[in-house]
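Student: I should like to work through the helix packing of this model step by step. May we begin once the structure is displayed?

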Amino acid sequence: MDTLLNILHVLTSVFIIGPMAILPMTGLRALRAGNGAQVDAMAKSTLIFTLLSLLVVIFGFGVLGTSDPKFNLSVGTPWVVISITLYVLAFILNLALVWPALRRAARRMLPADSTGPAETPVPSNSDYTLIAMGSGIVSILLVVIVILMVWKP
């Protein structure tokens, strides 16, 4: 069972956390290109993958619970506490900063109805800055988590 949980934890990390980190950056590219529909799709995808990232946490707790007692791992192990804290920060940043800025930018770029022009054809610099800054910090946090998971200091 512990092997299965390890596999699920690593697979969900790669296929869920990876897109969670990369999609906002793809949204920035769409912003620069002025493609409101793609920015909107990246906003929705960022939200979905951020919420799905909770599966990684669930499988991680499963791995922790089934780990060999000789490793003396628990939720109180320092590198585990740091990893959980960094993940929570990344999760909150994506939900409270990156996703709303992507959504706002998409709404500004897309027409209110099918007959009228967009509110503004180009997103504000503040939205771009928030997305770039937020997604960059999220990516750094996730890289540190991977380092902690491999290094296990």
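**Helix packing and nonpolar cores**

Tutor: In this predicted model, Leu54, Val57, Phe61 and Leu64 of helix α3 meet Val80, Ile84, Tyr87 and Phe91 of helix α4.

Student: How do the residues of the contact of α3 with α4 divide into nonpolar, polar and charged?

Tutor: The α3 side of the contact contributes Leu54, Val57, Phe61 and Leu64, and the α4 side contributes Val80, Ile84, Tyr87 and Phe91. Leu, Val, Phe, Ile and Tyr count as nonpolar. The division is therefore no charged, no polar and 8 nonpolar.

Student: Is α3 roughly parallel or roughly antiparallel to α4?

Tutor: Helix α3 covers residues 54-65 and helix α4 covers residues 78-109; their axes come within 12 Å and cross at roughly 170 degrees. Angles over 145 degrees count as roughly antiparallel. Therefore α3 is, with respect to α4, roughly antiparallel.

Student: How are α4 and α5 oriented, roughly parallel or roughly antiparallel?

Tutor: The axes of α4 and α5 are 8 Å apart, and the two helices pack at an angle of about 155 degrees. Since the cut-off is over 145 degrees, α4 is, relative to α5, roughly antiparallel.

Student: What is the handedness of the crossing of α4 and α5, and how many charged residues does their contact have?

Tutor: The crossing of α4 and α5 is left-handed. By class, their contact has 23 nonpolar and 4 polar residues, and the number of charged residues is 3.

Student: Is Ser83 buried or exposed?

Tutor: Ser83 lies in helix α4. Apart from residues up to four places away in sequence, Ser83 touches Ile145, Leu148 and Met149. Its relative accessible area is 3%, and the cut-off for a buried residue is under 20%. Ser83 is therefore buried.

Student: Which helix supplies the largest share of the largest nonpolar core?

Tutor: The largest nonpolar core has 16 residues, and those with the most contacts inside it are Ile17, Met20, Ala90 and Leu142. At least two residues of this core come from each of α1 (2-33), α3, α4 and α5 (125-151). The largest share, 6 residues, is supplied by α4.

Student: Which residues does Leu142 contact, leaving aside its neighbours within four places in sequence?

Tutor: Leu142 is among the residues with the most contacts inside the largest nonpolar core. With those sequence neighbours set aside, the residues in contact with Leu142 are Ile17, Met20, Ala21 and Ala90.

Student: How many residues does the second, separate core have?

Tutor: This separate core includes Leu28, Leu102, Ala105 and Ala106. Its number of residues is 13.

Conventions: Residues numbered from 1 in each chain as written. Predicted model: local features only at pLDDT ≥ 70, side-chain atom pairs only at ≥ 80, totals over all residues. Heavy atoms only, no water. Axes fitted to C-alpha atoms, helices over the stretch in contact; angles between N-to-C directions. Helix = DSSP H or I, 4+ residues; strand = E, 2+ residues; numbered from the N terminus. Parallel < 35°, antiparallel > 145°, perpendicular 65-115°, else oblique. Contact = heavy atoms within 4.5 Å. Core = buried A, V, L, I, M, F, W, Y, C linked by side-chain atoms within 4.5 Å. Buried < 20%, exposed > 50% of the residue type's maximum accessible area, 1.4 Å probe, protein only. Left-handed = near helix turned anticlockwise from the far one by under 90°.
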